[in-house]
Amino acid sequence: MKKTITQPIIWLLILIIFTATACKKLEENPSSVIVGSQFFKTQSDAISSVNAVYSSLNSDPNGDFPLYGRQLNLLVENASDNQIFSPSNTNPDVRALGVSTYIPSNSRIQKVWQQLYFGINKANIAIDNVPNVSADTVLKNRLVREARFIRGLLYFNLIRLYGDVPLVLHEPKSVNIEDLLVKRSATATVYQQIIADLTEATSLPKSYGSADLGRATSGAAHALLAKVYVTQKLWPNALVQLNTVINGGYGYALFPNYRDVFQKATKNGIEHIFSVQFESNLGAKNVVQNLSQSFTSFNTGTFPIDVPANKSVYELFSAADTRRETTFYDSVYNAATGKYVVFKNAYTPYFNKFVDYTLTPLNTQAQSGVNYPVIRYADILLLYAEVINNINGPDAEAYDAINKVRARAKIADLTPGLSADAFRDSVFLERRKEFIQEGHRWFDLVRQGGTVYVDALKKIPEKSAVSSKNILFPIPQTERELNTLLTQNPGYN
């Protein structure tokens, strides 16, 4: 099978080829270079390699913003109907995402592609090599399944964002550039691999001790499988997985207080099925990164970096809905003047999630220890309501699932008697309010099919350029220049 090509990998290989050619008369003694066959020897090596797979979720090899908590949100929140760009943001590529005018050369679209494949390459290296180390077999099997879970997650993101993508399942071995070129694989083929990876990961432990908090569990694998099946509209398959998560003895539940979902003191709690870890002393050995979506300019009172599309997003919430005050803030403290700058009657409130209130001063969010929730129990309940509705219509179980989420938000139960279509719309509205800035909205709009995505964005004047081509992002132009086998998505040529 041929291997893939992404920019970081290909330039590294070009450097290797150049170095080998330039130094061909020298005696080869690479004692200062660690290659796979040298590194994968011990149990510690195996653990370190899988920890590196986790680190691809919250760090960037070039020191850029991480995939989760920043880069992915630029695509699936900024390019949704939840927000546009910040008035203070001068990056033309970020602004283009906010107004649906992005093109194949957009650097943020390319960065997400590269980060996803960077993580996949790390996972492939671990999957290929961990079985060969001298270590306990049970541990090795667990580590491989963890890597397969993350590979499944990353491919799930890739295929939803870009459509057909190169499917690469092993680390590159050749330094021949032509051997690294690979075509886009059909969506169905990539989904088969995602399901295979996640099915294998369902054999992971149900939980871990304190030293390994943050690692993927069997519950996380079942939950992600459910999301894969929902995206494919395979409702009975999704129902099996959802029932396992809900009734499988995992102990998942909603936090009584919505704000606790996003606090450092309660992270990896009862609602968190899988989260990207943002503190270095946890089992997944992840690094500290800036996760705040709102407080970059907190101490000056200037515009924060991410802004809702318009005030109507804020107005989706009733005054009684406790999610509103957690999701938004309407004033900030200006350290220079000692006064609060009030935004309540201005263009729009600002996002308030992911602020680590244990920090002093609050504007030092680069040291935040707040995690980024990828899958939480509220997601499972709302997916359960959606799936039941698609199979049986809005029966009592479907109402019970959505009303559990509404009850936590302190709003009234959804009244029985809705049609299947009206109930479905209620579920997606609940998802929008529940998961703002958590990387769901663009996916939720697109997977509804038809013109739902385009119609939603057309309601926002700044996004009038949106069209049906935007249900996929373009294949990054630089990647196509490096790999001539990559075709472009419709409408972007």
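For sorting a cavity lining, Ala, Val, Leu, Ile, Met, Phe, Trp, Tyr, Cys and Pro count as nonpolar, Asp, Glu, Lys and Arg as charged, and the others, Gly among them, as polar. Keep that handy for the second exercise. The model here is predicted.

**Exercise 1. Get your bearings: how many helices and strands does the chain have, and which stretches have a pLDDT below 50?**

Solution. Start with the elements: there are 18 helices and eight strands. Next, burial: 56% of the chain's 493 residues count as buried. For contacts with a separation of 6 or more, residues 24 or more positions apart account for 71%.

Now the confidence. The average pLDDT is 84, and 79% of the residues score at least 70. Over residues 1-35 the pLDDT is below 50, and this stretch has 51 contacts in the model beyond near neighbours in sequence. Residues 280-309 also stay under 50, with 133 contacts beyond four places in sequence.

**Exercise 2. Work out what lines the largest cavity: how do its residues divide into nonpolar, polar and charged?**

Solution. First, count: the model has five cavities of 30 Å³ or more. The largest holds about 220 Å³ of space. Of the 21 residues lining this largest cavity, Arg-160, Lys-227, Gly-439, His-440 and Phe-443 are the closest to its centre.

Then ask which elements supply the wall. Those giving two or more residues to the lining are α4 (67-76), α7 (137-162), α9 (218-231), β8 (372-376) and α16 (441-447).

Finally, apply the opening classes: the lining splits into 11 nonpolar, four polar and six charged residues.

**Exercise 3. Place Phe-473: is this residue buried or exposed, and what does it touch?**

Solution. Begin with the location. Phe-473 sits in the loop between α17 (452-458) and α18 (477-482). Its relative accessible area is 0%, so Phe-473 is buried.

Step two is the contact list. Leaving out residues up to four places away in sequence, Phe-473 touches Leu-75, Ala-79, Leu-97, Tyr-102, Ile-109, Leu-161, Tyr-162, Trp-442, Asn-489 and Tyr-492. Take Ala-79 from that list: it is 394 residues from Phe-473 along the chain, yet their C-alpha atoms are separated by 10.0 Å.

Step three is the core. The largest nonpolar core has 117 residues, and Phe-473 is among those with the most contacts inside it, along with Leu-75, Phe-149, Tyr-155, Leu-161 and Tyr-162. Helix α7 gives the most to this core, with 14 residues. Another core lies apart from it, with six residues, among them Val-313, Tyr-314, Phe-317 and Phe-328.

**Exercise 4. Sort two charged residues by burial: where do Arg-142 and Asp-425 fall?**

Solution. You need the cut-offs here: buried means under 20% relative accessible area, exposed means over 50%, and partly exposed is in between.

Arg-142 is found in helix α7. At 17% relative accessibility, Arg-142 is under the cut-off, so it counts as buried. Beyond its neighbours within four places in sequence, Arg-142 is in contact with Leu-204, Pro-205, Tyr-208, Asp-212 and Arg-215.

Asp-425 belongs to helix α15 (residues 420-434). With a relative accessible area of 42%, Asp-425 is partly exposed. To finish, check a distance: the C-alpha atoms of Asp-425 and Glu-386 are separated by 9.5 Å, with their positions 39 residues apart along the chain.

Methods. Residues are numbered from 1 along each chain as its sequence is written. This is a predicted model: local features need pLDDT of at least 70, side-chain atom pairs count only at pLDDT 80 or more; totals for chains, interfaces and linings use all residues. Side-chain values use heavy atoms; hydrogens and water are left out. pLDDT is the predictor's confidence in each residue, from 0 to 100. Contact means heavy atoms within 4.5 Å. On a 1 Å grid over the protein atoms alone, a cavity is a set of points where a 1.4 Å probe fits but cannot get out, and a pocket is an open set with protein on both sides within 12 Å along at least five of seven lines; lining residues have an atom within 4 Å of a point. Grid points are joined across faces, edges and corners, and a volume is the space filled by probe spheres set on the points. Helices (H or I, at least four residues) and strands (E, at least two) are DSSP runs, numbered from the N terminus. Buried means under 20% relative accessible area, exposed over 50%, partly exposed in between (1.4 Å probe, protein chains only). A nonpolar core is a set of buried Ala, Val, Leu, Ile, Met, Phe, Trp, Tyr and Cys residues joined through side-chain atoms within 4.5 Å.
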